[in-house]
Amino acid sequence: MTYHAFPAPAKLNLFLHVIGRRSDGYHLLQTVFRLIDHGDTLHIAIDHSGEIVHENPLPGVPAEQDLIIRAARLLKQASGSRLGCRLRLDKRLPMGGGLGGGSSDAATTLMALNHLWGTRFSREQLQALGLQLGADVPVFIFGRDAFAEGVGETLQPIRLPNQWYVVLIPPVSVPTAEIFSDPCLTRNSEPIIMAAFPNEQMHNDLQAVAVRKYPIIADHLAWLSQYGNAMMTGSGACVFAAFDTQVEAERVITALPATMQGFSAQSMMQHPLFDLLD
Ligand SMILES: C[C@@](CO)(OP(=O)(O)O)[C@H](O)COP(=O)(O)OP(=O)(O)OC[C@H]1O[C@@H](n2ccc(N)nc2=O)[C@H](O)[C@@H]1O
Ligand SMILES: Nc1ncnc2c1ncn2[C@@H]1O[C@H](COP(=O)(O)OP(=O)(O)O)[C@@H](O)[C@H]1O
């Protein structure tokens, strides 16, 4: 059996404004998604069994919640393919980290199996399928830095300068739904136009809620703020700051105290699997 390796990169939310709420309770956002070259790797072997098997499931994540199994089942159901697959995930991204790890794994599963099973869905069709799995899944299939609206599914490409990022990983997993459901969340940020990005007023509305619930995030923000403009990504817990060069970013990683974990990564113009789709 031959396994093929497919990358599943992380995303950062360079800002995140909550500008309203849909009737189903989902929040309307404006955000800029940036892809970075640090992530998980998914190994896939296809076969004729028709079965979908995750060989090394994540502790505490049963099959019905497992985003790579759910993505594979969804593609199989939508396409009617009779083929099967064995999935093995090298997990590097923290769960509940705001780096979109689970969503990226799901997007990679859809793109890779669409290729290996020959199911021939277009990019737009796969994005729509991905949205059924989570609000963050479509941007990874879109495959480029994006200004996003709606719940994250209305995407416009945005050109951003090459940057290096330092990402710190506070030792806490933040459930996205808990942050969005907090009564204190600001839900009426003023809508902006894409051309206004970037400006100094941009912030992450989810940060105040997450920091109050998980003070260790504030400790990490305070430490990173010594070196740059630190902000939380998504619903947390990870925080990041941008640097112009790898040397500057590495210098910050070298200075990390033993009590903190983090990594540096470079921005990516394009998802590594971008060319698998038309
Ligand atoms: C906050 C963001 C920003 O990029 O990222 P993460 O922190 O999760 O990485 C996303 O909007 C998260 O997207 P995703 O992680 O796919 O969320 P989902 O699984 O769709 O939703 C989890 C839960 O969060 C709430 N939710 C999510 C998105 C949204 N726009 N409004 C919401 O109210 C809903 O209660 C939903 O049940
Ligand atoms: N492959 C996966 N990787 C990470 N989390 C997953 C995966 N499959 C299911 N999950 C579930 O999704 C939740 C959110 O994970 P993740 O997307 O990594 O965080 P975030 O949305 O904060 O970026 C996890 O706590 C876990 O229960």
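How do the residues of the shell around ligand 2 divide into nonpolar, polar and charged? Keep that in mind while we walk there; and remember that this is a predicted model.

**Stop one: helix H1.** Select residues 67-79, the 13 residues of H1. From first C-alpha to last, H1 reaches 18 Å, close to the 18 Å you'd expect at 1.5 Å a residue. Now show side chains for Leu67, Ile68, Ile69, Ala71, Ala72, Leu75 and Lys76: these are buried.

What do those buried residues pack against? Color strands S2 (27-47), S3 (52-54) and S4 (84-90), then add helices H2 (101-116) and H3 (123-131), and you have the partners. Before moving on, click Gly80, just after H1, where phi turns positive at about 75°.

**Stop two: ligand 2.** Go back to Leu67, which is buried in H1 and is also one of the residues that come nearest to ligand 2, along with Met95, Gly101, Gly102 and Asp105. The shell has 20 residues. H1 and H2 each put in at least two of them, and H2 gives the most, with 4 residues. As for the opening question, the split is 6 nonpolar, 12 polar and 2 charged.

**Stop three: ligand 1.** Hop over to ligand 1, which has 20 residues around it; pick out Gly134, Asp136, Phe180, Gly234 and Ser235, the ones that come nearest. Strand S1 (4-21), strand S2 and helix H5 (176-180) are the elements giving two or more residues to this shell. You've already colored S2, as a packing partner of the buried residues of H1. Here the shell divides into 7 nonpolar, 12 polar and 1 charged.

Technical notes: Residues are numbered from 1 along each chain as its sequence is written. Chains are lettered from A and ligands numbered from 1 in the order in which they are written. This is a predicted model: local features need pLDDT of at least 70, side-chain atom pairs count only at pLDDT 80 or more; totals for chains, interfaces and linings use all residues. The expected span of a helix is 1.5 Å times one less than its number of residues. A residue is buried if 20 or more other C-beta atoms lie within 10 Å of its own, exposed if 12 or fewer, and partly exposed in between; C-beta atoms are placed from the backbone. Two residues are in contact if their C-beta atoms, placed from the backbone, lie within 7 Å. A residue is near a molecule or strand if its C-beta atom, placed from the backbone, lies within 6 Å of it. Ala, Val, Leu, Ile, Met, Phe, Trp, Tyr, Cys and Pro count as nonpolar, Asp, Glu, Lys and Arg as charged, and the others, Gly among them, as polar.
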